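I opened the model today and kept notes as I went. The entries follow the order in which I looked things up.

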Amino acid sequence: MVASDPYRGDHLTEVGADILKLKSSQLRKLAVIRIAQLTSGEAKGERLERMPDSWPTELRDCWKLYFDEQENDVGRRLNQAAPRYRIVYRFLDPVPDPRDRDRRPRLQVLAVGPRYQAEAYERAVSRLAQPAVAGERSVQPARRSPQRREQPAGERRRRAAQEDQRQQPHQNPARPQRQR
């Protein structure tokens, strides 16, 4: 995590144990990479506000990011099956200590775990009930300006090609002008 990252990582200590419980070293490595991508702003998950009414209300201010061994890039999967693992996180205000000069919003990972039987979500709910965690107010991240928003590689290539076409003079043969 670098000072130029848009968010400051402020993760619960239990998240390390969650990562160690993952089945393979590839999953553990991928979880750490995805958390770093969240903190750096390279990856963005989905907000949990649209969950059914049967879901715990504590998760309404949280976000989720999918990951699995079969993926090859953020948001893209090689197979059609849903990713089997989740990272549940939320955004917090900067550290309230005036001596702390880092004024970036904090990204707090609450839980990492399997999708199966909503295990990652249940861990997040139980951790949000802890007094030290429950006392912090969640905030929503500031939206980035359109110029800084990350685009998929294919979209960047398409836009670059369009820009090249605009800058090149038209190759149409000159039309003879009519005389009057």
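Which residue forms a salt bridge with arginine 127? I found aspartate 18, with the closest N and O atoms 2.5 Å apart. I counted a salt bridge when a side-chain nitrogen of Lys or Arg lies within 4 Å of a carboxyl oxygen of Asp or Glu. Arginine 127 sits in helix H3 (residues 119-128) and aspartate 18 in helix H1 (residues 14-21), so the pair ties together parts 109 residues apart in sequence. I took helices (H or I, at least four residues) and strands (E, at least two) as DSSP runs, numbered from the N terminus. Arginine 127 and aspartate 18 are both buried. My cut-offs were under 20% relative accessible area for buried, over 50% for exposed, and partly exposed in between (1.4 Å probe, protein chains only).

**Ground rules**

I noted that this is a predicted model, in which local features need pLDDT of at least 70 and side-chain atom pairs count only at pLDDT 80 or more, while totals for chains, interfaces and linings use all residues. Residues are numbered from 1 along each chain as its sequence is written, and side-chain values use heavy atoms, with hydrogens and water left out.

**Confidence**

I checked pLDDT, the predictor's confidence in each residue, from 0 to 100. The chain averages 76, and 66% of the residues score at least 70. Over residues 145-151 the pLDDT is below 50, and this stretch has 4 contacts in the model beyond near neighbours in sequence. A contact here means heavy atoms within 4.5 Å. Where pLDDT is low, the predicted coordinates should not be read in detail.

**Overall layout**

I listed 5 helices and 8 strands. From the N terminus on, the order is β-α-α-β-β-β-β-β-β-α-α-β-α. The chain has 180 residues, and 34% of them are buried. I also looked at contacts between residues at least 6 apart in sequence: 61% of these join residues at least 24 apart. The accessible surface comes to about 12,700 Å², with 48% belonging to carbon and sulfur atoms. Those areas come from the Shrake-Rupley method with a 1.4 Å probe; for residues, only the protein chains shown count as cover.

**Strand S7**

I turned to S7, residues 106-114. How many of its 9 residues are buried? The count is 9 of 9. S7 pairs with strand S1 (residues 8-9) in the parallel sense, over 2 bridges. Arginine 8 has arginine 106 as its bridge partner there. With strand S6 (residues 85-92), S7 pairs in the antiparallel sense over 8 bridges. In that pairing I matched arginine 90 to glutamine 108. I called two strands paired if DSSP finds at least two bridges between them.

**Valine 88**

Valine 88 lies in strand S6. Its relative accessible area is 0%, so I logged it as buried. Its C-alpha is 5.2 Å from that of alanine 111, although the two are 23 residues apart in sequence. Leaving aside neighbours within four places in sequence, valine 88 has contacts that include Leu48, Trp63, Val109, Ala111 and Tyr121.

**Nonpolar core**

A nonpolar core is a set of buried Ala, Val, Leu, Ile, Met, Phe, Trp, Tyr and Cys residues joined through side-chain atoms within 4.5 Å. The largest one holds 32 residues, and Phe67, Ile87, Val88, Tyr89 and Val112 touch the most other members. H1, helix H2 (25-40), S3, S6, S7 and H3 each give two or more residues to this core. I followed phenylalanine 67 beyond its neighbours within four places in sequence and found contacts with, among them, Leu22, Leu27, Pro83, Ile87 and Val112.

**Remaining salt bridges**

I counted 7 salt bridges. Side chains of opposite charge can pair when their charged atoms come close. Aspartate 68 and arginine 84 meet at 3.0 Å, N to O. Aspartate 68 is in the loop between strand S3 (63-67) and strand S4 (71-73), and arginine 84 in the loop between strand S5 (76-77) and S6. Aspartate 68 is buried at 4% relative accessible area, whereas arginine 84 is partly exposed at 37%.

Back in H3, glutamate 119 bridges to arginine 123, with the closest N and O atoms 2.4 Å apart. The two lie 4 residues apart, about one turn of the helix. Glutamate 119 is partly exposed at 31% relative accessible area, and arginine 123 counts as buried at 14%. I closed with the network: salt bridges that share partners join Asp18, Glu119, Arg123 and Arg127.
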